[in-house]
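Trainee: I'd like a close look at a single part of this model, please. Could you walk me through it slowly, and then show me how the rest is arranged around the topic?

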Amino acid sequence: MAEVPAAARGARQATQAAGARLSSRSVGRIKALLFVLALAPLARLVAGVLMRSLGTNPTEFVLRTLGDWTLIFLCITLAVTPLRKLTGWNWLLRLRRMFGLYAFFYVVMHFTTYVVLDRGLDVVAIPRDILKRPFITVGFTCFVLMIPLAATSTNAMVRRLGAERWQALHRFVYFIAIGGVVHFWWLVKRDITQPAIYALVLAALLGYRLLAAARARS
Amino acid sequence: MPIKPSGDVRPSEITPKEIYLRRREFIRAAGALALTAAGVRGPALAEGKIPGIRKSRYSTSEQPASLKEITTYNNYYEFDTDKYSPAQLAGRLKTRPWSVSVEGEVKRPRTFGIEELLKFPQEERIYRLRCVEGWSLVIPWVGFEFNQLARQVEPTGKAKFVEFVTALQPENMPGVRLPVLEWPYLEGLRIDEAMHPLTLLAVGLYGENLPAQNGAPVRLVVPWKYGFKSAKSLVRIRFVEKQPRIAWEKAASHEYGFYSNVNPEVDHPRWSQVTEKRLGEDRFFPRVIRTQMFNGYGDQVAGMYAGMDLKKFF
């Protein structure tokens, strides 16, 4: 039994070393692979619509799935820093922008599905929904807040804003992720299991940062 | 996608009946074949044709959704809060023997076995079902008017409301382990609503016994109210003097009221009720249509609510 922790430590050090030493080309390959994989949920939806295999209410299914993947990509984006610090795999940072942009990609489609398929482009009902329904108000606010983050995601924008201001702006992602979970939580009728899972994951990801900040101060 | 009233269908959109029947037959056969080949147990479908079903003037001429659509998208929280799961899980519901006890403020309380209920003269009633969640389906129920059952037990003058208690089989219903709602699920109607000719005790669907996930073996169908008012799998019907507190009212009284009439002018706090998605029309995405007052049954039922503030009594 005593050997196990030692072996585990050894393995961890080995992977850490291997992970840290990843060449630029390998990272590029991983990134390309993940880029394609991240499109899989969309491909599945398109195939499902064409084959009519999304069940009795395809609009609901598409809307929920796109919302889910927005939250998943937000969580993945927020997992990059904790993972990088825990493993020492600094190259993970090079994937973060892509994950963030995928969250934006899925939220744009989620919002479009709501406007076109769920509300039937009703120009009266949609603004009223956004103003009157708390879960839609929160969801819409988060969507709007994601636009400047996506727009300033390029290297040129980082330079133009300066690292400090850019980072300050992009800290909004914490509020966006919390708002996204609240949006889901307030939407469900009774069974809060699914939003609760997102809330737990998010609490862990944000809790890690709080702990790290507290430790840095002391 | 422009919003159109539900009645506004272009002739070109209507599929000739033989073709849609054949297409659905084909889809159903293909589905069954695929399931058999994969060794998968299909959705819990009850077998058994109901004999001597008469047509009804209360039926809508709108095209019903297919059996598959109606039997795979169900809110039956005793099994699961997901709408696709009851089709897989509800087969465990024990529906025989089954009896419905009718009691309370009545002169002749008695228990009806399901066999007795099936002996009432059965009608096909094609009704629109509008869910509070914003979707609707056209469903060909088979059943009889609740007032026929009521007549046999002779409600007294004290019977002002009717309470409907549904089945609770914890060993067969995985969903009741969580206190999502208060179990057994309880519904209620005002006596005039219950006695209205549109209020149905349904025992079948598409000419056959009700599938478990749709509320076998006998359920309530109240087409001008949101779907949750149409309680499934009834075991007890009580005529009472006081207005019952229904399950959804207990769970969230600011969101769900006792009446819960379909009403596009009264929003649910968290979503608008102005439009609905009409499911089961064989399209890539359901049409978004305007929701009608009393789900389009206003001509028959609006009189019961004359002078009532429907915003207050939502």
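Trainee: In S7(B), which residue is the bridge partner of B:Phe144?

Mentor: Happy to help, and please keep in mind that this is a predicted model. The partner of B:Phe144 is B:Leu201 in S7(B). That pair belongs to a longer match: strand S4 of chain B, residues 135-145, is joined to S7(B) by five bridges, and the two strands run antiparallel.

Let's stay with S7(B), which covers residues 200-205 of chain B. Six of its six residues are buried, so the strand is largely enclosed by the rest of the structure. To count as buried here, a residue needs 20 or more other C-beta atoms within 10 Å of its own.

S4(B) is one of the strands that pair with S7(B). Another is strand S9 of chain B, residues 219-221, which is joined to S7(B) by three bridges and runs antiparallel to it. Here you can look for B:Leu200, which stands opposite B:Val221 in S9(B).

Then there is strand S8 of chain B, residues 208-209, which is antiparallel to S7(B) and shares two bridges with it. In this pairing, B:Leu205 has B:Glu208 of S8(B) as its bridge partner. S7(B) and S8(B) form a hairpin, with two residues between them. Have a look at B:Tyr206 in that turn: its phi is positive, at about 50°. One general point helps when you look at strands: in a regular strand the side chains alternate between the two faces of the sheet.

Now let's go back to chain B around B:Asn147, a residue of helix H5 of chain B, which spans residues 146-153. B:Asn147 has 14 C-beta neighbours inside 10 Å, so it counts as partly exposed. Leaving aside residues up to four places away in sequence, B:Asn147 touches B:Met195 and B:Pro197. You can also compare its position with that of B:Asn172: the two are 25 residues apart in sequence, and their C-alpha atoms are 31 Å apart in space.

Chain B also has an open sheet of five strands, in the order S2-S1-S10-S5-S6, with mixed pairing. Its edge strands are S2 (110-113) and S6 (186-190) of chain B, and each of them pairs on one side only. From one strand to the next, the twist averages 20°. Within this sheet you can follow strand S5 of chain B, residues 161-166, which pairs with S6(B) in the antiparallel sense over five bridges. One pair to find there is B:Val165, which stands opposite B:Leu186 in S6(B).

Chain A makes a useful contrast to look at next. It has 11 helices and zero strands. Its C-alpha atoms fill a box of roughly 60 × 40 × 35 Å along the principal axes. Of the 218 residues in chain A, 25% are buried. Among the contacts in chain A with a separation of 6 or more, 67% are between residues 24 or more positions apart.

Two helix pairs are good practice. Helix H2 (residues 24-37) and helix H5 (residues 93-118) of chain A pack at an angle of about 20°, with their axes 10 Å apart. These two helices, H2(A) and H5(A), are therefore roughly parallel to each other. The contact is made by A:Val27, A:Lys31, A:Leu34 and A:Phe35 of H2(A), together with A:Arg94, A:Leu95 and A:Met98 of H5(A). By class, the residues of this contact are five nonpolar, no polar and two charged.

The other pair is helix H6 (residues 125-132) and helix H7 (residues 134-151) of chain A, which pack at about 95° with their axes 5 Å apart. H6(A) and H7(A) are therefore roughly perpendicular to each other. On the H6(A) side the contact is made by A:Asp129, A:Ile130 and A:Leu131, and on the H7(A) side by A:Ile136, A:Thr137 and A:Phe140. These residues divide into four nonpolar, one polar and one charged.

Finally, see where the chains meet: the contact takes 20 residues from chain A and 23 residues from chain B. On the side of chain A that touches chain B, helix H4 (58-87), H5 and H6 of chain A each supply at least two residues. H6(A) gives the most to this side, with three residues. The residues on that side of chain A comprise eight nonpolar, five polar and seven charged.

Note on methods: Residues numbered from 1 in each chain as written. Chains lettered and ligands numbered in written order. Predicted model: local features only at pLDDT ≥ 70, side-chain atom pairs only at ≥ 80, totals over all residues. Axes fitted to C-alpha atoms, helices over the stretch in contact; angles between N-to-C directions. Helix = DSSP H or I, 4+ residues; strand = E, 2+ residues; numbered from the N terminus. Parallel < 35°, antiparallel > 145°, perpendicular 65-115°, else oblique. Contact = placed C-beta atoms within 7 Å. Nonpolar A, V, L, I, M, F, W, Y, C, P; charged D, E, K, R; others polar. Pairing = 2+ DSSP bridges. Buried ≥ 20, exposed ≤ 12 C-beta atoms within 10 Å, placed from the backbone.
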